[in-house]
Amino acid sequence: MESSSVAFQLVVNFGVVLFGLALGSFLNVVIYRLMHGGSVALGRSACPHCKKTLAPADLIPLASFVALGGRCRSCKKPISWQYPLVEFLTAVLTLVLWNAYGLTLEWALAVALLAFLIVTFTIDLRYRVILDGVVFSAMIVATLLSLVQGRTAESLLLGAGIGFAFFFLQYAISKGRWIGGGDIRLGVLIGLALGWKGALLALVLAYLSGSVIAITLVATKKRAWKDPIPFGTFLTAATVTALLAGDQIIAWYLKLPLLF
Ligand SMILES: [Zn+2]
């Protein structure tokens, strides 16, 4: 590649990162207003502790958090880790999707799905709930993305069926103690987003990562066995992983000298 086109690619990638940071910042506002009320589109952001309206300099993604040392400019109360985490994740993943798809409808739909998944990930992690409105909206985007990617209707229905059955069985067996209705709807979403193969992969990844982290936290006495696990957080993280690298992971797994 010529050096001028390398420079051009760098500028484009930088622009995509800025877009991702701005999107992440918007998602933080969406998350806050979904959980605490207020219009998503209107009104300026304020500190949740002292209610002081934030200055434009306090609204720059990542940079403001670092410059303020993670504390509100007026009341000095800590700013939630959610803000830089969501901005960083959104920016990095938007860039990864850009490098996979370029400026295409596929990229736009994948970024939209990513946005819904990050909102679900964060809200379940922080508030232990899965919001139906977010999951149902994500189902529509996931279906469109799958169809654009050439997945068949059979694969989508089979995936959605597997996701539904997997969680519904646990829900029925445990009479709703292990699994909530939100997890069942998330299972359907995963099938629509990934097809049946990707959905199976995402479920395996979610259970593996969930078990490893839960056991680590119990072993280090950071939580007790009976504490609820934010399963939607693991499911959405696994879905993003399968979305980005599902084919590579499945190909790698099939090459392993295993019996199953
Ligand atoms: Zn404050």
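Let me start with the contacts of Glu 106, which, leaving aside residues up to four places away in sequence, touches Tyr 101, Leu 145, Val 148 and Gln 149. Please keep in mind throughout that what we are looking at is a predicted model.

Glu 106 itself belongs to helix α4, and that helix takes in residues 105-127. Is this residue buried, exposed, or something in between? It has 16 C-beta neighbours inside 10 Å, and because a residue needs 20 or more to be called buried and 12 or fewer to be called exposed, Glu 106 is counted as partly exposed. For a sense of distance, we can take Tyr 207, which is 101 residues away from Glu 106 along the chain, and here the two C-alpha atoms are separated by 28 Å.

Let me now step back to the protein as a whole. Which elements does the chain contain? There are eight helices and zero strands, so that, read from the N terminus on, the order is simply α-α-α-α-α-α-α-α.

As for overall dimensions, the C-alpha trace spans about 60 × 55 × 35 Å along its principal axes. The radius of gyration is 20 Å, and since a compact globule with 260 residues would be expected to have a value near 18 Å, the protein agrees with that expectation.

Two further figures describe the interior and the contacts. Of the 260 residues in the protein, 35% are buried. If we then consider contacts between residues at least 6 apart in sequence, 70% of them join residues that are at least 24 apart.

How values were computed:
Residues are numbered from 1 along each chain as its sequence is written. This is a predicted model: local features need pLDDT of at least 70, side-chain atom pairs count only at pLDDT 80 or more; totals for chains, interfaces and linings use all residues. Helices (H or I, at least four residues) and strands (E, at least two) are DSSP runs, numbered from the N terminus. Two residues are in contact if their C-beta atoms, placed from the backbone, lie within 7 Å. The radius of gyration is taken over C-alpha atoms; the globule rule is 2.2 Å times the number of residues to the power 0.38.
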